[in-house]
Amino acid sequence: MGDRRGGGGGERHAGRNAGERPRPKEWQITEVDAASWSGVLGRSAYNSYEREGHVPGWGAQQDKRPSEADAGSDTRQEDRVSAYSGRPQLALWARSVCGGRTTYHRVAVFPEIRLEDGETAVISGKDRARLSTAARTVLDRYLDAEDGWPASADCRDTTVLGEVEQWH
């Protein structure tokens with residue numbers, strides 16, 4: 001078995017059926033992405049994200065994943081998101097053994113955020129905790145999907161590596 005990549009994604013289009021559906025609320029997830037890289041491709045993909053500072057352990061909020069208890073409280077501080085940070089997203093990384101090879105998985109959730117050039121938005125601790133919970137749910141469903149690549153590659157021994165806030 002050679003090096004492999006698998007993945008998928010989904011998106012909610014606010015403009016589509018505009019007369020039938022309201023515009024998403026601020027911080028509502030409108031898109032998700034999931035990908036896996038195995039073998040040499042796995043390490044190469046992880047290194048590529050690492051060079052950009054987009055792996056766990058980098059950034060202002062490293063290793064501060066809110067717990068379920070934090071989701072209902074205001075123990076976590078607000079965070080600021082700049083219009084210049086690109087498309088804000090929260091990514092969650094995991095590592096498994098798939099088909100006998102080390103494999104990296106990355107899922108990302110993209111919230112609705114409306115910013116003009118130069119503006120800054122504030123994400124509350126509660127909204128941040130919701131993004132975290134959603135990212136974990138996406139990862140679990142991606143890895144457990146019967147018709148997905150991770151299941152067909154017999155992925156096992158999964159370790160969650162951590163989250164990355166890509167809005168700094």
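This is a short tour of a predicted model, stop by stop, with what to select and what you will find there.

**Stop 1: the whole chain**

Start with everything shown as a cartoon and coloured by secondary structure. The protein chain has 4 helices and 7 strands. Walk from the N terminus and the elements come in the order β-β-α-α-β-β-β-β-α-α-β. There are 168 residues, and buried ones make up 39% of them.

Now switch on a surface. The accessible surface comes to about 9400 Å², and carbon and sulfur atoms account for 43% of it. Back in the cartoon, think about which parts of the sequence meet. Of the contacts between residues at least 6 apart in sequence, 78% join residues at least 24 apart.

**Stop 2: helix α3**

Select residues 125-144, which is helix α3. This helix has 20 residues and runs 29 Å from its first C-alpha to its last, close to the 28 Å expected at 1.5 Å a residue. Show the side chains and look for the buried ones: among them are Leu131, Ala134, Ala135, Val138, Leu139, Tyr142 and Leu143. The buried list of α3 also includes Asp127, Arg128 and Ser132, which are worth a click too.

**Stop 3: the largest nonpolar core**

Keep α3 on screen and add Val107 and Val109. Which residues touch the most other members of the largest nonpolar core? Val107 and Val109 do, in a core of 19 residues. Strands β4, β5 (101-111) and β6 (120-123) and helix α3 each supply at least two residues of this core. The biggest share comes from α3, which gives 7 residues.

Zoom in on Val109 and show what surrounds this residue. Leaving aside neighbours within four places in sequence, Val109 is in contact with Leu131, Ala134, Ala135 and Val138, among others. Those four are also among the buried residues of α3 you just clicked through. Other contacts of Val109 include Ile29, Val32, Pro88 and Leu90, along with Glu31 and Gln89.

There is another core to find. Select Ala45, Val55, Tyr104 and Ala108: these are included in a second, separate core of 11 residues. As a rule of thumb, nonpolar side chains in soluble globular proteins tend to be buried together.

**Stop 4: helix α1**

Ala45 leads nicely to the next selection, residues 40-51, helix α1. Its 12 residues reach 17 Å from first C-alpha to last, close to the expected 16 Å. The buried residues here are Gly42, Ala45 and Tyr46. Turn the view so that you look down the axis of α1. The buried residues cover an arc of only 95° around the axis, so they sit on the same side of α1. That fits the general helix pattern: with 3.6 residues a turn, residues three or four places apart point the same way.

What do the buried residues of α1 pack against? Show β2 (29-38), β4, β5 and β7, and you have the answer. Then swing round to the other side of α1, where Val40 and Arg51 are exposed. Step past the end of the helix to Gly53, which follows α1 and has a positive phi, near 80°.

**Stop 5: Ala121**

Go to Ala121 in strand β6. Is this residue buried or exposed? With a relative accessible area of 9%, Ala121 is buried, because the cut-off for that is under 20%. Draw a distance from Ala121 to Val81: they are 40 residues apart in sequence, yet 5.1 Å apart in space, C-alpha to C-alpha. Not counting residues up to four places away in sequence, Ala121 touches Trp27, Asp79, Arg80, Val81, Ile113 and Leu115.

**Stop 6: the disulfide**

Select the cysteines at 98 and 155. A search of the whole structure finds 1 disulfide, and it joins Cys98 to Cys155 with an S to S distance of 2.0 Å. The link is right-handed, with 115° about the S-S bond. Cys98 lies in strand β4 (residues 89-98) and Cys155 in the loop between α4 (149-152) and β7 (156-166), so the bond ties together distant parts of the chain, 57 residues apart. Cys98 counts as buried, at 1% relative accessibility.

**Stop 7: two aspartates with positive phi**

Stay in this region and pick Asp154, in the loop between α4 and β7. Phi of Asp154 is near 55°, a positive value in a residue other than glycine. At 52% relative accessibility, Asp154 counts as exposed. Finish on Asp157, in strand β7. Asp157 also has a positive phi, of about 55°, and counts as exposed at 58% relative accessibility.

Terms used. Residues numbered from 1 in each chain as written. Predicted model: local features only at pLDDT ≥ 70, side-chain atom pairs only at ≥ 80, totals over all residues. Heavy atoms only, no water. Disulfide = S-S within 2.5 Å. Buried < 20%, exposed > 50% of the residue type's maximum accessible area, 1.4 Å probe, protein only. Expected span 1.5 Å × (residues − 1). Contact = heavy atoms within 4.5 Å. Areas by Shrake-Rupley, 256 points an atom, 1.4 Å probe, with all protein chains shown as cover. Core = buried A, V, L, I, M, F, W, Y, C linked by side-chain atoms within 4.5 Å. Arc of directions from axis to C-beta.
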